[in-house]
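Here is a short tour of one protein model, written for someone who likes to check contacts and side chains. Please have a look at the structure first, and then we can walk through it together.

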Amino acid sequence: DGTADCNDSCPGNPSKTQPGLCGCDGPLDNLDTDGDGTPDCVDACPGPLSEPTQCGCNVEVHSDVDGVADCLDECPNDPTKVVAGTCGCGYPESDVDGDGEFDCGCAAFPCAAP
């Protein structure tokens, strides 16, 4: 950078003579990948999202459109369940024969791939 090391607070970085918001070794202080006005070095979500959601910095996906994001849904492909329960995803928690136990699986219900 042409500045003598004795006057350079960032001698190891030729693009800086003074530490900025990101310090000496970090990326350029003005690098803002997602365009939210916060430099990547201090941005909680420097990627496609500006702020963390219930899924962190990942884009929320709702595969089964049940209103619960896949990152929190134990059954992301079953719109009737968000918790697998006793019978698992794809099967209702029902006691059709009244014996006090859930009738899980294909023997009790027409099967569709869960």
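## Around C71

Leaving aside residues up to four places away in sequence, C71 touches Q54 and C55. For Q54, the C-alpha atom lies 8.2 Å from that of C71, and the two residues are 17 positions apart along the chain. C71 itself is partly exposed, because its relative accessibility of 44% falls between the 20% and 50% cut-offs.

A word on what you are looking at: this is a predicted model, so please read every distance and angle here as a value computed from predicted coordinates.

## The whole chain

How many helices and strands does the protein have? The count is zero for helices and zero for strands. Of the 114 residues in the protein, 23% are buried. The accessible surface comes to about 7100 Å², and carbon and sulfur atoms account for 55% of that area.

The contact pattern is also worth a look. Among contacts in the protein with a separation of 6 or more, 1% are between residues 24 or more positions apart.

## Disulfides

A search of the whole structure turns up six disulfides. As a reminder, a disulfide is a covalent bond between the sulfur atoms of two cysteines. Three of the links are described here, beginning with C22 and C41, whose sulfur atoms are 1.8 Å apart. This link is left-handed, with -75 degrees about the S-S bond. C22 is buried at 13% relative accessible area, whereas C41 is partly exposed at 32%.

C45 and C57 form another disulfide, with 2.0 Å between their sulfur atoms. The link of C45 and C57 is left-handed too, at -85 degrees about the S-S bond. C45 has a relative accessibility of 1% and therefore counts as buried, while C57, at 32%, is partly exposed. Then there is the pair C87 and C104, with sulfur atoms 1.8 Å apart. Why is the disulfide of C87 and C104 called left-handed? The reason is the torsion about its S-S bond, which is about -65 degrees. C87 is buried with a relative accessible area of 10%, and C104 is partly exposed at 31%.

One more cysteine deserves a mention for its surroundings: C6 is exposed, because its relative accessible area is 72% and the cut-off for exposed is over 50%.

## Charged side chains

How many salt bridges does a search of the whole structure find? The search finds one. In this salt bridge the side chains of E93 and K81 meet, at 2.6 Å from N to O. K81 counts as buried because its relative accessibility is 8%, which is under 20%. Its partner E93 is partly exposed, at 30% relative accessibility.

D78 makes an interesting companion to this pair. D78 is buried but has no salt bridge. The nearest side chain of opposite charge is that of K81, 5.4 Å away; that distance does not qualify, because a salt bridge needs the nitrogen and the carboxyl oxygen within 4 Å.

What does the side chain of D78 join in a polar contact? It is the side chain of T80, at a distance of 2.6 Å. Not counting residues up to four places away in sequence, D78 also touches D64, D66, C89, G90 and Y91.

Terms used. Residues are numbered from 1 along each chain as its sequence is written. This is a predicted model: local features need pLDDT of at least 70, side-chain atom pairs count only at pLDDT 80 or more; totals for chains, interfaces and linings use all residues. Side-chain values use heavy atoms; hydrogens and water are left out. Buried means under 20% relative accessible area, exposed over 50%, partly exposed in between (1.4 Å probe, protein chains only). Contact means heavy atoms within 4.5 Å. Lys and Arg count as positive and Asp and Glu as negative; His and the chain ends are not counted. A polar contact is a pair of N or O atoms within 3.5 Å; within protein, one must be able to donate a hydrogen and the other to accept it, and residues adjacent in sequence count only if both atoms are side-chain atoms. Helices (H or I, at least four residues) and strands (E, at least two) are DSSP runs, numbered from the N terminus. Accessible areas come from the Shrake-Rupley method with a 1.4 Å probe; for residues, only the protein chains shown count as cover. A disulfide is a pair of cysteine sulfur atoms within 2.5 Å.
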